[in-house]
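Work through the exercises below with the sequence and the model at hand. Each task is followed by a solution in steps.

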Amino acid sequence: MIQKSSPKGVTAPLVAVGVLLVAALVALGVFGVPYVKALTTDRNTAEIRDEALIGAQQVAINLNNADSANLDASIETMRSSVTGDEMTVYLQSVQDSITDELRNSGSKADAEVMSAALTELNTDDRTATALVVVKVTTTQGNQYVKNQVGMRLGMVEVDGIWKASSAEPVGNRIDLESGTLPGADGTGGSDGSTPATEGAPAPTETPAPSVGGDSGGQ
C-alpha cells in the first residue's frame with residue numbers, strides 16, 4: 001500500500017488506548033480484532049516510515065562525503081549505501097575515473113542534512129521516495145566552499161537496511177559561502193568566517209554521484 005508521508009502517527013496515549021482495546025476483546029469478540037489489528041498496522045507503518053527517512057538521510061550524507069586522501073574508502077562507503085546495477089555501475093565508473101592528481105589534491109567534502117521528507121512509502125514492497133537537502137562543505141588547503149544540494153532518492157529496504165536504488169538532482173546546486181578557513185590567514189572574524197579573496201581558486205571537488213544539479217560534483 002502506498003501512503004503519502006505524514007507526521008509521526010503513534011504516540012504514547014495511542015499505545016495506551018491499544019492496551020485498553022485488548023482488554024475489551026473479551027466483550028467485543030471477533031468485532032474487536034480488526035480494530036486492534038489496524039492499530040498494530042498503523043504502528044508498523046510509522047516505524048517503517050521513520051526507518052526509511054533515517055536511511056535516506058544517511059544515504060544522502062554517504063553519497064556526498066568524499067576524502068581525496070582515501071578515495072577508495074569513500075567510494076566503498078557510497079557503494080554500501082546503494083543497490084541495483086545502475087548505481088553500482090555508476091560508482092565503479094567514478095572510481096575508475098579518479099586520477100592521481102585528484103588523489104593528491106588534499107580536497108575533502110563533508111555533508112550534513114538540512115531537511116528531509118518522504119514523499120512516498122510502500123510498506124508492502126518496502127520502497128520509498130525521499131527528498132533530501134544537504135549542505136556540502138568542500139575544503140582544499142586553507143580554502144572552503146559551501147553548497148546546498150537537493151536530491152531525490154529512490155529507497156528500498158535490503159536485508160533490513162535502507163539503500164538508494166536511484167538518485168537524481170532536484171534543482172540546481174546553490175552556492176552558499178566560500179572563503180578562507182578560520183584562522184588560516186589570521187583575519188578570521190568573530191563568527192569564524194572570512195570573505196573569499198576575489199579570484200582565489202575554489203577547492204577541487206572530489207567525485208561523487210551527480211545528484212547536485214548542473215554544476216557537477218555530488
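**Exercise 1.** Find the distance, N to O, at which the side chains of Glu112 and Lys135 meet, and place both residues in the chain.

*Solution.* Step 1: the side chains of Glu112 and Lys135 form a salt bridge at 3.8 Å, N to O; the term requires a side-chain nitrogen of Lys or Arg within 4 Å of a carboxyl oxygen of Asp or Glu. Step 2: Glu112 sits in strand S3 and Lys135 in strand S4, 23 residues apart, so that the pair links distant parts of the chain. Helices (H or I, at least four residues) and strands (E, at least two) are DSSP runs, numbered from the N terminus. Step 3: the relative accessible area is 43% for Glu112 and 22% for Lys135. Both values fall in the partly exposed class, given that buried means under 20% relative accessible area, exposed over 50%, and partly exposed in between (1.4 Å probe, protein chains only).

The model is predicted: local features need pLDDT of at least 70, side-chain atom pairs count only at pLDDT 80 or more, and totals for chains, interfaces and linings use all residues. Residues are numbered from 1 along each chain as its sequence is written, and side-chain values use heavy atoms, with hydrogens and water left out.

**Exercise 2.** Identify the salt-bridge partner of Glu157 and explain what the pair ties together.

*Solution.* Step 1: the partner is Arg126, with the closest N and O atoms 2.9 Å apart. Step 2: Glu157 belongs to strand S5 and Arg126 to the loop between S3 and S4, so the contact ties together parts 31 residues apart in sequence. Step 3: Glu157 is partly exposed at 22%, and Arg126 is partly exposed at 31%. The structure holds five salt bridges.

**Exercise 3.** Describe the salt bridge between Glu76 and Arg79, then locate the buried residues of H4.

*Solution.* Step 1: the side chains of Glu76 and Arg79 meet at 2.4 Å, N to O. Step 2: both lie in helix H4, three residues apart, about one turn of the helix. Step 3: Glu76 is partly exposed at 42% relative accessibility, whereas Arg79 is buried at 19%. Step 4: the buried residues in H4 are Leu71, Ser74, Ile75, Met78 and Arg79. Seen down the axis, they fall within an arc of 140 degrees, so they line one face of H4; the arc is that of the directions from the helix axis to the C-beta atoms.

**Exercise 4.** Which residues of H5 are buried, and what do they pack against?

*Solution.* Step 1: Met87, Leu91, Val94 and Gln95 are buried in H5. Step 2: they cover an arc of only 95 degrees around the axis, which puts them on the same side of H5. Step 3: the buried residues of H5 pack against H4 and S6, where contact means heavy atoms within 4.5 Å. Step 4: on the face turned away from the buried side are the exposed residues Asp85, Glu86, Val89 and Asp96.

**Exercise 5.** Determine how many residues the largest nonpolar core has, and which element gives the largest share.

*Solution.* Step 1: the largest nonpolar core (buried Ala, Val, Leu, Ile, Met, Phe, Trp, Tyr and Cys residues joined through side-chain atoms within 4.5 Å) has 31 residues. Step 2: helix H3 gives the largest share, six residues. Step 3: Leu153 is among the residues with the most contacts inside the core. Not counting residues up to four places away in sequence, Leu153 touches residues including Ala56, Leu63, Val132 and Ala164.
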